[in-house]
Amino acid sequence: MSQLEQLIENSRVNEAIAQKLFEIETEILSSKSSKELLQTLLTLIKDKFNLHSIHLLLVEPTPISYILSNVAQTDWHKANTRQISEQRLNLFHPDGKPLLTNDLSQFDCILPTNIFAGAKSAAFIPVKLEGKLFGSLLLIDESLDRFSPELGTFHLEQLAIKVSLCLSNVLVREQLEYMANYDRLTGVANRRLMEVSITEELSRQKRYDVPFSLLFIDCNKFKQINDTYGHDCGDKVLAYVANQLKELIRETDRCFRYAGDEFVVTLASQSYADALRAAKRLTEFFDNNPMPYQNMLLPITISCGAAQSDGLQSMDELIKRADEQLYLHKNKKLSYDTI
Ligand SMILES: Nc1nc2c(ncn2[C@@H]2O[C@H](COP(=O)(O)OP(=O)(O)OP(=O)(O)O)[C@@H](O)[C@H]2O)c(=O)[nH]1
């Protein structure tokens, strides 16, 4: 091949790569979450460039640490993401640039060896957020030449920049969405999300003729806790109550912070009798489990009111009924068996 022919061939190859990267970028731009973005990105890169395998190495903690937590992990994320220390990640990208290698044995002590099973070369592409390295996209191939260290990394650098930018955008959107729907102090959903959720439950009830109930919950003598132990302690109590409530309810139930020391728990497909049983279980839990605080065990008690929707009342009426029952319970000390 003449020099000119070689140049034309190189430019053709480069154009084909650029076209594929453009297609990937266009696809990931429409991702609605960071989870979806990463899954789309890795699947597209692997398929379009016909790679042996692809992984995402992430340092802990990162703004997308939840991807590594068991709760949020889908099977796909379990198979394709790996946790790595910041120190080790920096070994791959000391200058913040992609790393190409066909000497995979050097990573035996750093990465799980099965990651490279059947592979001969690999490319590590740095992924940054607000300029800080937090992960590496690991592209793996069966051919020794595919990611040979002598090759240029222009396209991979472009990819790294675009992935970092797209991820930053989607994370900002996710954070705003989180702030609009979740309570910062307790981590449970806020009143705004509660209204959306109850509206959905009420229309589900109408459509499928299933029961729907809710609990209105208030911490007893909470002002006294603030006054005696301080506001910080009060904040801890609210977080404790919210976390315990979340743990104690069923998977299909949801807990919301309504206001101050008040919470609402929605009980999907549950009758009034079920709601009373839940109220009893929740109050008894707090009666029997004081909150560890400094060197003490702080007694925390709650009161609950229950209401079942009759399919006609509005959300506000339903909450009001549960709130009225709560005060009945709180003031007259009625047990849930006698209401
Ligand atoms: N620490 C803390 N206190 C809060 C927060 N939001 C509201 N509060 C306080 O919660 C207290 C609620 O007081 P009350 O409504 O009188 O409730 P209570 O003392 O539990 O009284 P009973 O319900 O009758 O037992 C008020 O003093 C609020 O200032 C918060 O985010 N953190």
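**Around the ligand and its neighbouring strands**

In this predicted model, the shell of residues around the ligand draws at least two residues from each of β6, α7 and α8, the last of these spanning residues 231-248. Of the 15 residues around the ligand, those that come nearest are Asn220, Phe222, Lys223, Gly234 and Gly260. When the residues of this shell are sorted by chemical character, four are nonpolar, six are polar and five are charged.

To place these elements within the chain, it helps to look at the domains. The chain is divided into domain 1, which covers residues 3-180, and domain 2, which covers residues 191-332. The C-alpha centres of domain 1 and domain 2 lie 44 Å apart.

The strand β6 can be followed from the ligand shell, to which it supplies at least two residues, into its pairing with another strand. β6 and β8 run antiparallel and are joined by seven bridges, and within this pairing phenylalanine 216 has valine 264 of β8 as its bridge partner. β8 also pairs with β7, the strand of residues 254-259, and here five bridges join the two strands, which again run antiparallel. In this second pairing, cysteine 255 stands opposite valine 265 in β8.

How enclosed is strand β8 by the rest of the structure? Strand β8 consists of residues 262-268, and because five of its seven residues are buried, it is largely enclosed by the rest of the structure. A residue counts as buried here if 20 or more other C-beta atoms lie within 10 Å of its own.

The strands β7 and β8 form a hairpin with two residues between the strands, and in this hairpin glycine 260 takes a positive phi near 40°. Glycine 260 is also one of the residues that come nearest to the ligand.

A positive phi is found in residues other than glycine as well. Lysine 221, although it is not a glycine, has a positive phi of about 50°, and it is found in the loop between β6, residues 212-219, and α7, residues 222-229. Lysine 221 is partly exposed, because 14 other C-beta atoms lie within 10 Å.

Asparagine 50 offers a further case, with a positive phi near 50° in a residue other than glycine. Asparagine 50 lies in the loop between α2, residues 34-48, and β1, residues 53-59. Is asparagine 50 buried or exposed? Asparagine 50 counts as exposed because it has 8 C-beta neighbours inside 10 Å, and the cut-off for an exposed residue is 12 or fewer.

Conventions. Residues are numbered from 1 along each chain as its sequence is written. This is a predicted model: local features need pLDDT of at least 70, side-chain atom pairs count only at pLDDT 80 or more; totals for chains, interfaces and linings use all residues. Helices (H or I, at least four residues) and strands (E, at least two) are DSSP runs, numbered from the N terminus. Domain bounds come from an automatic or database domain assignment. A residue is near a molecule or strand if its C-beta atom, placed from the backbone, lies within 6 Å of it. Ala, Val, Leu, Ile, Met, Phe, Trp, Tyr, Cys and Pro count as nonpolar, Asp, Glu, Lys and Arg as charged, and the others, Gly among them, as polar. Two strands pair if DSSP finds at least two bridges between them.
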